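Visitor: I'd like a close look at the inside of this protein. Could you walk me through how the interior is packed and what space is left over?

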Amino acid sequence: MTQTPATVEAVRSSKELRRVFSAFPTGVTAVAALVDGRPVGLAANSFTSVSLSPVLVSVCADLKSATWPLLRGSARLGISILAAHQEQVCRQLSSKSADRFAAVDFRATADGAVFVEGASAWLDCSIQDVFPAGDHDIIVFRVHDLDDDPAVAPLVFHSSGFRSLEG
């Protein structure tokens, strides 16, 4: 079956854009920090590596987010690459709930970075640059420390649903 490529006019709706963009599988991250002594975070599937020297990664945050402005002033932020068993954690961090960390195991550094326990990888970061891009900010983070657990499979988001990798 041959499909006709969509034109710009045909993909102007947000629903159509999301459907097409969801064809690309992504990992899912939690970006979090202590704000006024409490963990604050959001879920992001736009995570990508940017540079090996210096070590930089990026995430995009929606300008309508109420959480991103709270995190933007943090000296350190934790990026946790969520594990296959953490779908509920992702849903909580994506919710409008006042306490997104209710029943979520986490740890915080002395500098305020917050990491979700049981994640497949962790990156301790500070904000390097922020670039406005349409209805999002592209946030470039400098990585100060990182670790992973190769035995823990990552959570994958594809076709508007959560998946896991199979060996």
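Guide: Contact here means heavy atoms within 4.5 Å. Keep in mind as we go that this is a predicted model. With that in hand, let's start from Leu123. Setting aside neighbours within four places in sequence, Leu123 is in contact with Phe47, Val57, Leu77, Gly78, Ile79, Ile81, Phe115, Val143, Asp145 and Leu146.

Leu123 also belongs to the largest nonpolar core, a set of 20 residues. Along with Val31, Val57, Leu71, Ile79, Cys125 and Phe141, Leu123 is one of the members touching the most others. As for who builds this core, two or more residues each come from strand 2 (29-35), strand 3, strand 5, helix 2 (68-72), strand 6 (77-81), strand 9 (121-133) and strand 10 (136-148). A separate core of 13 residues lies apart from this one, and its members include Ala32, Leu82, Phe101 and Phe162. As a rule, nonpolar side chains in soluble globular proteins tend to be buried together.

Now for the leftover space. Searching the whole structure turns up 1 cavity of 30 Å³ or more, with a volume of about 40 Å³. Around that cavity sit Val31, Leu42, Val59, Ala61, Trp68, Leu71, Ile139 and Phe141. Strand 5, helix 2 and strand 10 each give two or more residues to its lining. By class the lining is 8 nonpolar, with no polar and no charged residues. Notice Val31, Leu71 and Phe141: they line the cavity, and they're also among the core members that touch the most others.

The open spaces are another story. The largest pocket holds about 1600 Å³. It is lined by 37 residues, and Arg18, Ala43, Ala44, Asn45 and His136 are the closest to its centre. Helix 1 (14-21), strand 1 (26-27), strand 3 (38-44), strand 5 (55-62) and helix 3 (87-94) each put at least two residues into that lining. The mix there is 16 nonpolar, 14 polar and 7 charged.

Then there's the second largest pocket, at about 150 Å³. Strand 3 makes the largest share of its lining, 4 residues. The lining includes Arg38, Pro39, Val40 and Gly41, and also Ala66, Thr67 and Leu70, plus the run Ser97, Ala98, Asp99, Arg100 and Phe101. Sorted by class, that's 6 nonpolar, 3 polar and 3 charged. Phe101 is worth a second glance: besides lining this pocket, Phe101 is a member of the 13-residue core.

Terms used
Residues are numbered from 1 along each chain as its sequence is written. This is a predicted model: local features need pLDDT of at least 70, side-chain atom pairs count only at pLDDT 80 or more; totals for chains, interfaces and linings use all residues. Side-chain values use heavy atoms; hydrogens and water are left out. On a 1 Å grid over the protein atoms alone, a cavity is a set of points where a 1.4 Å probe fits but cannot get out, and a pocket is an open set with protein on both sides within 12 Å along at least five of seven lines; lining residues have an atom within 4 Å of a point. Grid points are joined across faces, edges and corners, and a volume is the space filled by probe spheres set on the points. Ala, Val, Leu, Ile, Met, Phe, Trp, Tyr, Cys and Pro count as nonpolar, Asp, Glu, Lys and Arg as charged, and the others, Gly among them, as polar. A nonpolar core is a set of buried Ala, Val, Leu, Ile, Met, Phe, Trp, Tyr and Cys residues joined through side-chain atoms within 4.5 Å. Buried means under 20% relative accessible area, exposed over 50%, partly exposed in between (1.4 Å probe, protein chains only).
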